[in-house]
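Please open the model in your viewer and keep the sequence panel beside it. The stops below are meant to be selected in turn.

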Amino acid sequence: MKYKITYDNNKDRIRLRCGKYAFNKEEEYGLINHILENKNVIDTKVSSINGSILIKYTKNKEKILNYISLTTINDLKNTTPREIDITRNINNTYINKMISLITKRVILKYLLPTPLQPINYIKTIFESYSYIKDALKSLYNFKLDVAVLDGVAIFGSLINKMFQSAGSIIFFLKISDILEEYTIEKTNNALKNSLEINIDKVWIQTENKEEIQIPFTQLKPDHKIILRTGSIIPVDGTIISGEAEINEATMTGESLPVSKGKKKKVFAGTLIDNGEIIVNVEAINEKTRINQIIELIEKSEKTKASIQSKAEKLADSIVPFNFLLTLLTYIFTQNKIKTLSVLTVDYSCAIKLATPLSIISAMKEASDHQIVIKGGKYLEAYAQADTIIFDKTGTLTEASPKVKRVISCGQYKPKEILRLSACLEEHFPHSVAKSIVNKAKEENLDHINEEHEKVEYIVAHGIVSSIYNKRVVIGSRHFILEDENVQVTKEQDYIIEQNREKYSIIYLAIDSKLEGIICIDDPPRKEAKKVLNQLRQLGIKNIVMLTGDSENSSRAVAEELEITKYKSQLLPEQKSEIIEEIKKKTNKVIMVGDGINDSPALSCADVSIAMKDSSDIAQEVADITLLNPNLNELVTLRTLSQLMLKKIDKNYIKIVSINTLLILLGITGIITPSQSSLGHNASTLLIGISSSKTCLDKQEIEI
């Protein structure tokens, strides 16, 4: 690649110029990534417009320059841009749009010689066409909305030959449009980055019918991927064996799972509620799920906050009163100037702009704090809720519990119990399952050649498989001792009781005989108690813990965290039943969980939250996902959501006050239609900018 040096501080920065058309926009992203691969480069900015490359480096400038000299266009292809580069591109695009709009306005209005002013008038007439067209369309559909008000104001100015007034109205409407587009695009970009399917490894079936685990990045078309209960489907493909109940809500909006078997198509981003399938990979499309959620956020009325829907209805309902006031002004004053001054002012424009911008910017700010929200209505519900319900394991307790003891209760040695347990648990990752798998790795207990047969996960209970024609089960006390009828000797019962007070226990049985127990240390998260106290200060009246764990471990956690209301040894359906009962007695209910077994409870809460290490199905069902591995963001989100509602209320007061003043000034003839339009649109713009600003600072988070 040829270049010339245009700036060099001989220390840590250098700018190169390759010339126009040296590389295009896609290749620009590739060049950024290519340059950053050089270990001496800290950061780089590249522009395809003029072929500029700015490099910040640590040392070996000459080696960096030689590296760029050897770069070819082929090195720049098939590259995914970094989030910072996409954000920078969005910023530059909208800054350029704003500069272009303002520059044209200044030139045509202030710098164009008087004899050439008709050019400006022609431009105004041409630009007014789309606004008048939208107004006529609304009237044709018997709607008296903001589009009609804007169209009539512009048309009224034109027929009275008030071209400057019409131009001012159009100018500020365009600025408002650019501002809203910019905020929405930045928010969607942040959400896209947060919502990417986050899968590290997948199980595939080899040509020899062996089951192996590979990194997701190595997955290719025609691989045979194995998917089980609770898994998110990361690819598009066709089922070649097995049968499963698949939740396709992200694709179709249908909440009920669909039964699919051999030769049926499955799609990325959908979920396996129950069953096991092998899918032939046809398309690796990581963005399917993202696009569905983004479309949901942008278009679906169901995800709009009720306060936004109310604002839009209020805005449209005010329009007839604007026309009535305009008519009364003309009747009593018989003055076209005063009438147009009133017509160019309306409350609805600012209301309709400021409220969604407040919600969108709050969602954007939440994403900056690694909080993903699937719709504005969930943010509003979170602000208004007075009850929060927590699962225990992996939610109130550490997301990475540790195996403290492995105890043999039969003929198998502790290491063999741990190895076999890890071999089974790795197929259905959960915080406890991960702790068992990680412990086996620490002990170097490898199991490359798996001895067990097909594994089956039974929600909220455990795992079933077989080894050497012997039935193997691993899971909770309820599952092993009650459902599987495994008998426990007095000696085994004594061992269990000795450990139940301190640990959560996983049971392993083979052919109806208890062979061992695994003791899991699952202490409360360090920040949990402080977070619960902060939530109380922020208006949460009821804090409840619902868990499937034993009474002893549940009581210990509840006492340590000062939770007075809790229930233990619950099945998934019992959790959801309790939530339904609580909803009848309270305002709104928040549910926080992380496991497959929490999915029914998450579904029936007013607003549901999944933790960072949650199962795929829990994250999909949840309305909000915390991408930071702690509970502190629950406080951040509560503060942010409440400040958002306060901002919207303040905006209403500002809008009513400013526009009422402008109308009074217009009626009395103190200001002209151009000045009225300027005041109205400028105030709308400023309120819009204010609505786009962040709500939080450190002082507001730390109560």
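Leaving aside its neighbours within four places in sequence, which residues is Ser128 in contact with? Select Ser128 in this predicted model, and then add Ile154, Leu158 and Ile170, which are the residues in contact with Ser128 once those neighbours are set aside. Ser128 belongs to helix 4, which spans residues 117-140, and with a relative accessible area of 2% the residue counts as buried.

Before moving on, display the whole chain, which holds 25 helices and 24 strands. Of its 703 residues, 52% count as buried, and the chain exposes about 33900 Å², of which carbon and sulfur atoms supply 53%. If you draw the contacts with a separation of 6 or more, 66% of them are accounted for by residues 24 or more positions apart.

Next, select the open sheet of 6 strands, whose order is 14-19-18-17-16-15 and whose pairing is antiparallel. Its edges are strand 14 and strand 15 (456-458), each of which pairs on one side only. From one strand to the next, the twist averages 20 degrees. Within this sheet, zoom in on strand 18 (504-510) and strand 19 (513-521), which run antiparallel and are joined by 7 bridges; here Ser504 can be found opposite Ile520 of strand 19.

Keep the sheet on display and add helix 14, residues 414-425, which lies across strand 14, strand 16 (462-467), strand 17 (470-475), strand 18 and strand 19, and which runs at about 125 degrees to strand 14. Then add helix 17, which lies across strand 14, strand 18 and strand 19 and runs at about 10 degrees to strand 19.

Stay with helix 17, residues 490-500, and show the side chains of its buried residues, namely Gln492, Ile496, Asn499 and Arg500. Seen down the helix axis, these buried residues fall within an arc of 105 degrees, so they line one face of helix 17. As a general point to keep in mind while rotating the view, an α-helix has 3.6 residues a turn, so residues three or four places apart point the same way. The buried residues of helix 17 pack against strand 14 (402-408), strand 18 and strand 19, and also against helix 16 (477-483) and helix 19 (551-561). Turn to the face directed away from this buried side, and you will find the exposed residues Lys490, Glu491, Tyr494 and Gln498.

Now go to helix 23, residues 632-667, and select Asn651. Is Asn651 buried or exposed? Its relative accessible area is 3%, under the 20% limit, and therefore Asn651 is buried. Apart from neighbours within four places in sequence, the residues in contact with Asn651 are Ala354, Ser358, Ile687 and Ser691.

Finally, colour the chain by pLDDT, which averages 81, with 85% of the residues scoring at least 70. Among the elements of the chain, helix 18 (residues 528-537) has the highest mean pLDDT, 95, whereas helix 25 (residues 698-701) has the lowest, 43. Two stretches deserve a separate selection: over residues 296-304 pLDDT stays under 50, and the model has 20 contacts beyond four places in sequence for them, while over residues 698-703 pLDDT also stays under 50, with 12 such contacts in the model.

Note on methods. Residues numbered from 1 in each chain as written. Predicted model: local features only at pLDDT ≥ 70, side-chain atom pairs only at ≥ 80, totals over all residues. Heavy atoms only, no water. Helix = DSSP H or I, 4+ residues; strand = E, 2+ residues; numbered from the N terminus. Buried < 20%, exposed > 50% of the residue type's maximum accessible area, 1.4 Å probe, protein only. Contact = heavy atoms within 4.5 Å. Arc of directions from axis to C-beta. Pairing = 2+ DSSP bridges. Axes fitted to C-alpha atoms, helices over the stretch in contact; angles between N-to-C directions. Areas by Shrake-Rupley, 256 points an atom, 1.4 Å probe, with all protein chains shown as cover. pLDDT = per-residue confidence, 0-100.
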